[in-house]
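Trainee: Please take one residue and look at it closely. Then set it against the rest of the chain.

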Amino acid sequence: MRFVKNRILWISVYALAVTCVFLYVLFPSEFVLRWIESQANAAGLTLTADSLDPSLPLGVKLQNVAVRAAGAASGPALVRGDLLDVQINPLDLFQKVRTVRFQGSACGGSFEGSAGIPAEASSAGLSEGNAAFQSIDLARLGANGLPFFRGMSGQAKGTVFYVQQDAATGGAVGKLSVYLSRGAYALPEPFLGVPRIDFDRGEIQAQLKDAAVLLTKFEIYGGQVNCFLTGSIRLADRVEESLLNLKGSMELAGGRKIKMNVTVGGTLARPSFRYL
């Protein structure tokens with residue numbers, strides 16, 4: 001009797017293993033990728049990926065994936081990753097907002113979070129989203145197309161969240177917190193003969209309110225120069241053309257501190273510094 005039970009058990013395990021292998025081999029990767037691209041497009045985004053494979057328990061894994069604003073196929077990527085693992089909750093298929101959880105690697109670091117996608121095709125954009133990231137290489141991040149970090153090096157970690165329609169304000173809101181370490185920022189215009197800021201630590205705090213980003217804190221501290229900025233960024237359809245309106249101060253660090261006021265105008269792609 002025990003032999004029969006063991007044999008049934010092993011046959012069941014074998015059948016399950018064979019079924020899993022066939023499901024993996026016959027998985028319609030191309031069809032699923034096209035479907036994900038259409039869902040992203042319905043949310044106001046453009047998604048591209050080199051390949052897609054199934055991922056346990058109920059998800060897919062994408063290689064070399066990039067997410068951009070809709071209509072900006074050649075513009076800077078909002079998210080670019082070497083690997084992206086997306087998992088769904090089957091119970092969310094019957095909800096007005098479908099929540100997907102994701103994790104992956106990008107720019108030498110890692111990230112994880114979740115995003116809410118409206119079930120109705122007529123609802124554009126993400127309903128909500130949040131993510132945490134760490135050990136991100138800023139030099140690679142800037143090289144991947146994000147103009148705000150172009151010319152920077154070092155490591156970054158932080159969090160970001162977004163809500164399309166806030167109950168209190170009725171508009172889109174979001175928050176970004178970034179902590180920088182051991183890097184450098186090449187100044188568009190030298191400050192008292194110093195061409196760049198080599199910093200030990202830094203912090204960026206920003207809030208999204210509708211079509212504007214309020215930069216509440218931009219502080220970097222280095223051995224030679226410290227920089228402090230606040231202000232706003234008026235978002236444009238092309239991210240790199242967003243207008244800067246920042247002001248603050250820069251100072252030479254050390255025993256004798258020489259401080260000068262500074263204003264930053266221009267765009268994210270072409271910032272202009274003016275020392276006063």
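Mentor: We start with Ser177 and then move outward.

The model is predicted, so local features need pLDDT of at least 70 and side-chain atom pairs count only at pLDDT 80 or more, while totals for chains, interfaces and linings use all residues. Residues are numbered from 1 along each chain as its sequence is written, and side-chain values use heavy atoms, with hydrogens and water left out.

Ser177 lies in strand E9, residues 173-191. Strands (E, at least two residues) and helices (H or I, at least four) are DSSP runs numbered from the N terminus. Ser177 counts as buried because its relative accessibility is 10%. Buried means under 20% relative accessible area, exposed means over 50%, and partly exposed is in between (1.4 Å probe, protein chains only).

The side chain of Ser177 has a polar partner: the side chain of Gln205, at 2.7 Å. A polar contact is a pair of N or O atoms within 3.5 Å; within protein, one must be able to donate a hydrogen and the other to accept it, and residues adjacent in sequence count only if both atoms are side-chain atoms. Leaving out residues up to four places away in sequence, Ser177 touches Phe133, Lys157, Gly158, Thr159, Ile204 and Gln205. Contact here means heavy atoms within 4.5 Å.

Now the whole chain. Its secondary structure comes to three helices and 15 strands. Of its 276 residues, 38% are buried. Among contacts with a separation of 6 or more, 39% join residues 24 or more positions apart.

Next, two cysteines. Cys107 is buried, as its relative accessible area is 4%. Cys227 is buried too, at 3%. The count of disulfides is zero, a disulfide being a pair of cysteine sulfur atoms within 2.5 Å.

Two loop residues follow. Phe94 sits in the loop between strand E4 (79-88) and strand E5 (97-106). Phe94 is exposed because its relative accessible area is 72%. Arg238 sits in the loop between strand E12 (225-234) and strand E13 (243-252). With a relative accessible area of 43%, Arg238 is partly exposed. Arg238 and Ala69 are 169 residues apart in sequence, yet their C-alpha atoms are 8.5 Å apart in space.

Last, the surface. The accessible surface of the chain is about 16200 Å², and 58% of that belongs to carbon and sulfur atoms. Accessible areas come from the Shrake-Rupley method with a 1.4 Å probe; for residues, only the protein chains shown count as cover.
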